[in-house]
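Visitor: Could you walk me through this one? I'd like to start with the ligand and then move on to the fold around it.

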Amino acid sequence: MLSGKFQSLNAKNTSGEDYLSPSRLLRWYISFFQKDRLRIATGVLLTLLQSVALVPVPLILRRIIDTYIPGRNTHAILAACAIAAGLYLLHAMLAFSGRSLTLLCTKRVTENLRALLCMQLQQMSLRFYDRERASELHARVVIDTERIDVMGNAIVVHGVSSAIMFFIASGVLSWVNFQLFLMTIALLPLFYTAHRILKPRMREVNRLFRDGMEGMSSKVNDLLQSIRLVKSFAREAHEQKRAERQFRTVTRSALAMTILDSFYNNLMGFLTNSTTIAIYATGGLLITRGRMTVGDLIAFTGIIGFLISPINILMGMVTMVYAGLASLKPVHRLLTLDDPLEKYKGKRIVTQLNGAVAFEHVSFVYDTTGKKALCDINVSVRTGETIALVGESGAGKTTFSNLIMGFYFPTEGRVLIDDMDIRELNLRTLRECIGVVSQENVLLNTSIIDNLRYGRMDATKEEVIAAARAANALEFIEETPEGFDAVVGDRGVRLSGGQRQRLAIARALLKNPQILILDEATSSLDSESEAKIQEALERLKANRTCFIIAHRLSTVISADRILVFKGGSIVESGKHAELLGKGGEYTRLCQRQFPSAQKESA
Ligand SMILES: Nc1ncnc2c1ncn2[C@@H]1O[C@H](COP(=O)(O)OP(=O)(O)OP(=O)(O)O)[C@@H](O)[C@H]1O
Ligand SMILES: [Mg+2]
């Protein structure tokens, strides 16, 4: 059901711009309620009935005052009071069920929106993430949806029923006393004027507060993400100052917002009370002239609330709707964004690869920076070959491997996997066949076994253990009391670098990919752990095509072929000894990276 909805939302929107008017935006949002329309209609009806149920109460009071009290009819007084109490009970029950029902619907829509956003974010390509800020995307899913929810509630719960209530109350009031009704209506522009003057300012401080909250959230998030950096540079005081500045901004805008809000509410309260007084004054005059009864006046003042509170609600709604629309816009933009890469549903499902990879005249430009990172690359790699990628920092090694994964498509030329253009392949299934062990060895904050099973979700415990053993990870896993159930902490913080690496290797072993991309760790480990990792890597490399971004001499020496990158081009390729003989770029690299290289290989 999610995906169905999702498809229908895919407007042509590749630039990220949208020109939807607020009313179309709202219609788009309301379309989410389609499935729940019966529930919503019932909820709105119940909410309306809840208000309507109270309308007779002032009329009953009128009857008591005008008829039963003068007639000293105690039975009738008690019976009327009992009816009024019954109406209050009915009101409470209707209010509760109406509220629950509409809340259920709006919350469901919000959940649906969040799921769609999350799915969309996961489908976006790395090109998208090169452009966007993570904290803003975070806000889309967490904060914006909440504001849309508030707006949805306001419209669904209060908007519709308040508007209808206003007309019902007008009808009843004009029936009770038409002159008094006209006088009351004449006062309404006062409310409107106060609203017109104050609301723009309230919207502005509201926006400031929102921005402040978002800034605060991303500041705290940043701080927690980089806590190790902060501590190691001893920059706590500096960070504290920056955080406090942000907190102060939030406090200021929150105060401004609350004070203005309170001023507005009190002003509205004052106007409401003044209206009541004006009604008493006019009503009093009308009573003395015999044009109205005391009961009429009491009924009128009782019902006037049903006229004024919908007005207040509707005026209050304007802010919520504005805030909601402001949030709806970027959410809609994100959901209708057509990301040509990841959405690219190449038809060919990949189930089994041989692992041959070829680059044909491949050039690649990062569109964020316009930087040409690869330049006319031509390489053909046979199944089972081990290729070492070397080159200075920024030479294009990671970019090269990203193109194999289909994270980006070449700007020019073709990348072929088993002689199939990568553009024709279903990228998700392609990636099922490619394993990556990166330098960072990202782990999820969950148990070791779940982290390993990320490689293959349906792996049995025995298979997981076998993979851990092959990756030389079993020993340290079994040393901890919780074993495979030990939770590794954020990004695997509770493990050592070498342990993280061995888990990443075990994870790749479980996946058993035909193509392996390996970014060797640059950080030096102690020789024992280094040897264990080396051994694990040898097992991992067997029987597959491997691309290794090499930082170790042993890797380059044992590789079937070395590709030497420089400024986005492959300037040399061949075996270690061959390349050393040329005395070119590779020799210079070796002299810098592995000073002992010549001696060893000689
Ligand atoms: N996401 C990106 N957006 C824009 N430019 C990028 C991006 N990633 C890399 N680049 C640029 O592309 C060039 C090649 O980068 P790449 O990451 O491929 O280098 P590398 O050879 O892997 O370097 P290193 O050895 O330091 O990891 C660099 O100049 C870099 O600045
Ligand atoms: Mg790199």
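Visitor: Which residues come nearest to ligand 1?

Guide: Bearing in mind that this is a predicted model, the residues that come nearest, out of the 14 around ligand 1, are Tyr366, Ser393, Lys397, Thr398 and Thr399. Two elements, strand E2 (371-381) and helix H12 (397-404), give two or more residues to that shell, and H12 gives the most, with 3 residues.

Visitor: And by class, what does the shell around ligand 1 have?

Guide: The shell has 8 polar residues, together with 3 nonpolar and 3 charged ones.

Visitor: Switching to the sheet, in what order do the 4 strands run?

Guide: The order is E2-E1-E4-E5, in an open sheet with antiparallel pairing. E2 and strand E5 (420-421) each have a single partner strand, so they stand at the edges with one side left without a neighbour in the sheet. Strand E1 (residues 357-366) pairs with E2 over 7 bridges, one of the bridged pairs being Val357 with Val381 in E2.

Visitor: Where does H12 lie?

Guide: H12 lies across E1, E2 and strand E4 (412-417), and runs at about 115° to E1.

Visitor: Which residue in the loop between E4 and E5 counts as partly exposed, and how many C-beta neighbours does it have inside 10 Å?

Guide: That is Asp418, which lies in this loop and counts as partly exposed because it has 17 C-beta neighbours inside 10 Å. Asp419 lies in the loop between E4 and E5 too, but it counts as exposed, because its C-beta neighbours inside 10 Å number 8.

Visitor: What about phi of Asp419?

Guide: Phi of Asp419 is positive, near 65°, and Asp418 has a positive phi as well, of about 45°. Most residues other than glycine have a negative phi.

Conventions
Residues are numbered from 1 along each chain as its sequence is written. Chains are lettered from A and ligands numbered from 1 in the order in which they are written. This is a predicted model: local features need pLDDT of at least 70, side-chain atom pairs count only at pLDDT 80 or more; totals for chains, interfaces and linings use all residues. A residue is near a molecule or strand if its C-beta atom, placed from the backbone, lies within 6 Å of it. Ala, Val, Leu, Ile, Met, Phe, Trp, Tyr, Cys and Pro count as nonpolar, Asp, Glu, Lys and Arg as charged, and the others, Gly among them, as polar. Two strands pair if DSSP finds at least two bridges between them. Two residues are in contact if their C-beta atoms, placed from the backbone, lie within 7 Å. Axes are lines fitted to C-alpha atoms, for helices over the stretch in contact, and angles run from 0 to 180 degrees between N-to-C directions. A residue is buried if 20 or more other C-beta atoms lie within 10 Å of its own, exposed if 12 or fewer, and partly exposed in between; C-beta atoms are placed from the backbone.
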